[in-house]
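Reader: Please take one part of this model and look at it closely, starting from a single loop and working outwards to its surroundings. I would like the terms defined as they come up.

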Amino acid sequence: GVFGLFVHDRVAGGWQVAVDNAGLYKIFYDSIGASTSFLELLADRGLGSDRIVPLAVVEFLAHGFVVAPETFVAGVRKLRDREILELVPGRPEPRILDKDLTFPSADGPDTVLQYFADLATSLRDRRVSADLSGGFDSRLIVGMLVHHGIDFEVSITGEPESADVVLSERIARLLGKPFFPHRQDMSRLEEELALVFLASDGQHEIRGFPRDRQNALARLSRGVEVITHGGGGDQFKDVHVSQDFPFYSRSAVNYERYYALRWTPVRLPEPLLGERGRALLREVRARTLARYAELRRPTNHESYDRIAALLRAPEFFGRYFSNYINMGLDVVAPFTEARIAEIGRRIPPWQRAMHRWHRAVLTRHCPEIAAVMTTDGYTASNAARYWLPDLAGFLCNELRRGARKVGQRLLGRTYFEKAGFAQTNPPDYVARLRATPQFAAAFHALERLGVLAADAVPAGLPDLHVPRVLTMGMLLAHLEGRSATSRAAPDTVIA
């Protein structure tokens, strides 16, 4: 599961604090204590914009997240998967202990199937809502829930005509499950941005969360207690090593290519950056590549997979999951479980190509939904009658992926996207964000920080980076407001 754990020693009076073994749930700490809210911790300490870390700001603009343990504010850190925070009365500062995350070497695909059986037992009496898109990961989870007799509803966010929504509804009807699609309501976009900023704890780029927050509130109104999510399923695919195709399982690792294609497919335009911003961007890249090297393993696929699981997933998925939990929704994301993800990484990449693991499990346990077409252009079935058409669909999809990466790198825009993908948000969503007064204020705030150039033109900012600039600007405004309050009341002491 995704959780934070606080253990109180009633005899000694101290605390031990940890997060789930995948590092997904977010707990923040400083030299005094810990909190499940970044913004509340800053408020309690009276910290303002003078404590902002510009390097972290640029890292967020470049990647969409800041790798743990760093945060945007000096002296405040995020607790990582392998850490236990110990707070002892009388000790001047917290202490970090190591958590043992060694998993049985005998773990294999059967362990994953047993996990789903155990998960079904824990969900038996809960109100479950399953995220379901037109792809493989969420479909496999739904198939296993069906196989184990779990009752659930199906939900998705997106435009009604998008391929993901259409396929999700088709599968829900096939299974006889209630279907609850959610289309983002943008009638109060400007007013909602402040609510979304607070609900995401100032940490989550304002791109997908506004629509997902609306859907989460709708789920809560229906009495949903738990949501299932397919995030992390790429650990059972060859996604993170596909840029080295066909040289899988080689010892050579090209971190620069991986960084360019996987972490920064659309680059933050250097002409928009000030001199300080350009220097920080170079530092972000160098520091990130050094972090990659620390996770080096004998082969390229092992190295890339560990980078994705240990650096990116805790931030990319963890922020969403933490937001949901803090809103009152439990989250089950089987593929991000540390033990399950490691099993996926043990499977050789050629055995993961074309989603072979997913297809085998789905065909065996829920063949009726395995045979339904995916948004990748082929089915999720291993049945012989689909082999040739699925192979053709797979090759077309790979060509489209390659063309998409070329467009991102050379033109800063995403072309040849799979059908329906761009309709997750309304078509004019980013344009509407650009037109908000919050975005204009955010752009100027980053200019004052020296990250963006004084003569930078907002129109030159790629769509991908618009929500990131907006989030950072709103955080700076939030902290500047706190700094102004502190200056106005210098005698105020916050415990």
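Author: Methionine 354 lies in the loop between helix H13 (349-352) and H14, where helices (H or I, at least four residues) and strands (E, at least two) are DSSP runs numbered from the N terminus. This is a predicted model, in which local features need pLDDT of at least 70 and side-chain atom pairs count only at pLDDT 80 or more, while totals for chains, interfaces and linings use all residues. Residues are numbered from 1 along each chain as its sequence is written, and side-chain values use heavy atoms, with hydrogens and water left out.

Although methionine 354 is not a glycine, its phi is positive, at about 60°. At 16% relative accessibility methionine 354 counts as buried, a term that means under 20% relative accessible area, with exposed meaning over 50% and partly exposed in between (1.4 Å probe, protein chains only). A positive phi of about 60° is also found at aspartate 201, again not a glycine, in the loop between H6 and helix H7 (209-221). Aspartate 201 is buried as well, with a relative accessible area of 5%.

As background, most residues other than glycine have a negative phi, and most peptide bonds are trans. The peptide bond from alanine 68 to proline 69 is cis, with omega near 10°, and proline 69 sits in the loop between helix H2 (54-63) and strand E5 (77-78). Another cis bond runs from phenylalanine 245 to proline 246, with omega near 0°, and proline 246 belongs to the loop between E11 and H8.

From H14 the view can pass to helix H3, since the buried residues of H3 pack against strand E8 (128-131), helix H4 (137-147), strand E11 (226-228), strand E12 (330-332), helix H12 (338-346) and helix H14 (356-365); contact here means heavy atoms within 4.5 Å. The buried residues of H3 are Thr111, Val112, Leu113, Tyr115, Phe116, Leu119, Ala120 and Leu123. An α-helix has 3.6 residues a turn, so residues three or four places apart point the same way. Helix H3 (residues 109-123) has 15 residues, which at 1.5 Å a residue should span 21 Å, and its end C-alpha atoms are indeed 21 Å apart; the expected span of a helix is 1.5 Å times one less than its number of residues.

Strand E11, one of the partners of H3, holds threonine 228, which is buried with a relative accessible area of 1%. Apart from residues up to four places away in sequence, threonine 228 touches Val128, Ser129, Ala130, Asp131, Ile141, Leu145 and Val332. In the loop between E11 and helix H8 (255-263) lies valine 253, which counts as buried at 19% relative accessibility. Residues up to four places away being left out, valine 253 touches Arg296, Thr299, Asn300, Ser303 and Tyr304. The C-alpha atoms of valine 253 and proline 298 are 9.2 Å apart, with these positions 45 residues apart along the chain.

Two further buried sites can be set beside these. Isoleucine 156, in strand E9 (residues 153-157), is buried with a relative accessible area of 7%, and its contacts beyond four places in sequence include Leu132, Ser133, Phe179, Phe180 and Asn215. Glutamine 184 is in the loop between strand E10 (179-182) and helix H6 (189-199) and counts as buried at 8% relative accessibility. Its contacts, neighbours within four places aside, are Pro210, Arg211, Gln214, Asn425, Pro426 and Tyr429.

For the wider setting, the protein chain contains 19 helices and 12 strands. Its radius of gyration is 23 Å, close to the 23 Å that the globule rule gives for 495 residues, so the chain is as compact as a globular protein of that length; the radius is taken over C-alpha atoms, and the rule is 2.2 Å times the number of residues to the power 0.38. Of the 495 residues, 56% count as buried. Among contacts between residues at least 6 apart in sequence, 72% join residues at least 24 apart.
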